Amino acid sequence: MSANRRDFLVRLMQGATLASTGGLGWAYLLRQEARAQPFALRPPGALPDDDFNAACIKCGQCVVACPFDTLKLEAAGGNLPIGMPFFEPRQIPCYLCPSIPCMKACPTGALSPKLKNINDSRMGLAVIDTENCLSWKGLRCEICHRECPIKGKAITLETHPRQISKHAMFIPVVHSDACTGCGICVRACPTTEPAIRILPHALIQGKIGDHYRLGWTREDSITQEFDATGAAPTIAVPTNAPSGPVKGSAADYLNGGL
Amino acid sequence: MRTAQDSSHDLSQRSLAQRVWSWRYIVLRRLSQFVTLLLFFGTIHWGWEVAKDVPLLSGNLSGSKFIGLIPMADPFAVLQIFLAGHVLQTEAILGSVIVLGFYSLIGGRVFCSWACPVNPVTDLAGWLRVRFDIRPTFILLRNTRYFVLALTLILSVLTGVAAFEWVSPVGMAHREILFGLGFGATVLLAIFLFDLFILKHGWCGHLCPLGAFWSLVGKVNPTLRVRFDKTTCTHCGECAKVCPEPQVLNLKLLEEKGFVFFGECSNCGRCTPVCPEGSLVFDFKPLIRAHNAQAQGSVSVSEAQRRV
């Protein structure tokens, strides 16, 4: 092998080594940054986690457009991906502008223009700490319910009866099908640390799974097929009867093993 | 060529007025960098508007909107986002085309020395290096930046995020000036120290993939360039001493073209006032061509006369 060629190959390998190690370190950094994402509350219309990570150009035009100074850009060294918009509802919640100026300001579509009605936004979901909620302690607080911009749908009140001589409890209940995650309730909560919080859906929402049949819901096929006035349901009902022919008395059968 | 009467030819004997005049481009560049930041800052913090609810210049260098009409976007960031797998909205694409068109029309890395907020920091490091005579300790290929650029694009595809935008010291510093301080100031300090003690013009001249991107763009259709007069040049080398990208002042190649044609030239204008002969001057490309043709003509005439 000529010295020139050898030199070239060594240089090539040196370059490749530098590029791949550097690239791996760099990619690791990016992954670490991206993993912080699930804890962020994003502006209305934000795409799902990974898509938002890819799409946001970190220009801050949503921040400028927000009339309430709700939105902030994460500085480097914080807990969230660098330079992306987020908000902290305890400081300033999202006041749900019907015109959605932040989404309209977004040049890349990271805040999706598919969001037409601000009440359809899902920035997060409110959860209540039942141990520290004043309503759960039996006090007539319910501030979160009263402040909720979609009250009666996103937060409803349930009455729980209590012991004699004390009044009933009025318990705020959050409904994920209507809660936008605006965080106005978090801002309003009078406890020292808010007993109601907004969390990204992925952190709190479970999933039942498709194999459960809830017999009392209308979608369930067995309940729908049942017709009280018509013929008996043709569903095979399992019995405990022994499958083979029974010989002798029941006592003999039961004691047969002895 | 040198004449004793004209003191501007000897750099050390320039009068104060001449010296101040020789700083014209650095003053203009700092002004341009400052005004760029100020327009963003004023819009964010002081609510500068041209009309009600029409912000003056909303956003930052990654993406912005001027007077609510003209979208602008960093084409390098847009490219990374596209490679990361996001189909961009028209506004970002239009914005990047506008910015790309603007800079490729001017030519060179004009962004780097006239708009980038990191430039004053690395300029200061470079100036201090000369001032305290800090010798080079470490050598790196100038072309490293093109490999970093390639790596940026590959990693954007592989990781699904805009690889440079997520770690860019340029973006961090810029955003944190505009939107509030954080760790980015430390990164800026690191770049400063790296440039000062480890590698001269290390970040801007060797590593920054954004600069590499603008170098490639700046090659396409340069209009405003530094004209080079081979007839007056004495090869004294003053220009290369102050140039942050001295490889672009390859005089042999410049003699053929008649102007600094490299994309890596950032049109910073440092070389023009230091040239004792005035051989390096900012000019527009058509004018450069005309000038060079004329100079060529006058040379051949004088040579012809000599022969006679």
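**Exercise 1. State why helix H8 (residues 169-179) of chain B can be called largely enclosed by the rest of the structure, and find what its buried residues pack against.**

Solution. Step 1: 10 of the 11 residues of H8(B) are buried, so the helix is largely enclosed by the rest of the structure. The model is a predicted one.

Step 2: The buried residues run from Pro169(B), Val170(B), Gly171(B), Met172(B) and Ala173(B) to His174(B), Arg175(B), Glu176(B), Leu178(B) and Phe179(B).

Step 3: On the chain A side, the buried residues of H8(B) pack against H3 and strand S1 (72-73). Within chain B they pack against helix H2 (24-45), strand S3 (57-60), helix H9 (184-198) and helix H11 (209-220).

Step 4: Gly180(B) comes just after the helix and takes a positive phi of about 120 degrees.

**Exercise 2. Compare the span of helix H6 (residues 119-131) of chain B with the expected span, and describe what follows the helix.**

Solution. Step 1: H6(B) has 13 residues and reaches 18 Å from its first C-alpha to its last, close to the 18 Å expected at 1.5 Å a residue.

Step 2: Its buried residues are Asn119(B), Val121(B), Thr122(B), Asp123(B), Ala125(B) and Gly126(B). They pack against H2, helix H5 (110-114), H9 and helix H10 (202-207) of chain B.

Step 3: Asp133(B) follows H6(B) and has a positive phi, near 50 degrees.

**Exercise 3. Decide whether Asp133(B) is buried or exposed, and do likewise for Asn267(B).**

Solution. Step 1: Most residues other than glycine have a negative phi. Asp133(B) is not a glycine, yet its phi is positive, about 50 degrees. Asn267(B) is not a glycine either, and its phi is positive at about 55 degrees.

Step 2: Asp133(B) is in the loop between H6 and helix H7 (144-159) of chain B. Asn267(B) lies in the loop between helix H13 (251-257) and helix H14 (271-274) of chain B.

Step 3: Asp133(B) has 6 C-beta neighbours inside 10 Å, so it counts as exposed. Asn267(B) has 22 other C-beta atoms within 10 Å, so it is buried.

**Exercise 4. Describe the side of chain A that touches chain B, and name the element that gives the most to it.**

Solution. Step 1: 34 residues of chain A are in contact with 45 residues of chain B.

Step 2: Helix H1 (3-35), helix H2 (49-55) and helix H3 (61-65) of chain A each supply at least two residues of this side. H1(A) gives the most, with 10 residues.

Step 3: By class, this side of chain A has 19 nonpolar, 10 polar and five charged residues.

**Exercise 5. Give the domains of chain A and the contacts between them.**

Solution. Step 1: Chain A has nine helices and six strands, and buried residues make up 31% of its 258 residues.

Step 2: The chain is divided into domain 1 (42-120) and domain 2 (124-202). The centres of these domains, taken over C-alpha atoms, are 25 Å apart.

Step 3: Six residues of domain 1 are in contact with 10 residues of domain 2. The side of domain 1 that touches domain 2 has four nonpolar, one polar and one charged residues.

**Exercise 6. Find which residues touch the most other members of the largest nonpolar core, and place Cys179(A) in chain A.**

Solution. Step 1: The largest nonpolar core has 100 residues, of which Cys62(A), Cys102(A), Cys185(A) and Ile81(B) touch the most other members.

Step 2: Beyond its neighbours within four places in sequence, Ile81(B) is in contact with Ala54(A), Ala55(A), Ile57(A) and Thr108(A), as well as His86(B), Leu88(B) and Ala162(B). A second, separate core of 16 residues includes Phe228(B), Cys271(B), Cys275(B) and Ile288(B).

Step 3: Cys179(A) is in the loop between strand S5 (169-174) and helix H6 (184-188) of chain A. This residue is buried, with 22 other C-beta atoms within 10 Å. Leaving out residues up to four places away in sequence, Cys179(A) touches Leu125(A), Ala126(A), Ala154(A) and Val174(A).

**Exercise 7. Identify where the pLDDT of chain B is under 50.**

Solution. Step 1: Chain B averages a pLDDT of 85, and 92% of the residues score at least 70.

Step 2: Among the elements of chain B, helix H15 (residues 285-307) has the lowest mean pLDDT, 65, and helix H3 (residues 75-83) the highest, 94.

Step 3: Over residues 1-8 of chain B, pLDDT stays under 50. Where pLDDT is low, the predicted coordinates should not be read in detail.

Note on methods
Residues are numbered from 1 along each chain as its sequence is written. Chains are lettered from A and ligands numbered from 1 in the order in which they are written. This is a predicted model: local features need pLDDT of at least 70, side-chain atom pairs count only at pLDDT 80 or more; totals for chains, interfaces and linings use all residues. Helices (H or I, at least four residues) and strands (E, at least two) are DSSP runs, numbered from the N terminus. A residue is buried if 20 or more other C-beta atoms lie within 10 Å of its own, exposed if 12 or fewer, and partly exposed in between; C-beta atoms are placed from the backbone. Domain bounds come from an automatic or database domain assignment. Two residues are in contact if their C-beta atoms, placed from the backbone, lie within 7 Å. Ala, Val, Leu, Ile, Met, Phe, Trp, Tyr, Cys and Pro count as nonpolar, Asp, Glu, Lys and Arg as charged, and the others, Gly among them, as polar. pLDDT is the predictor's confidence in each residue, from 0 to 100. The expected span of a helix is 1.5 Å times one less than its number of residues. A nonpolar core is a set of buried Ala, Val, Leu, Ile, Met, Phe, Trp, Tyr and Cys residues joined through C-beta atoms within 7 Å.
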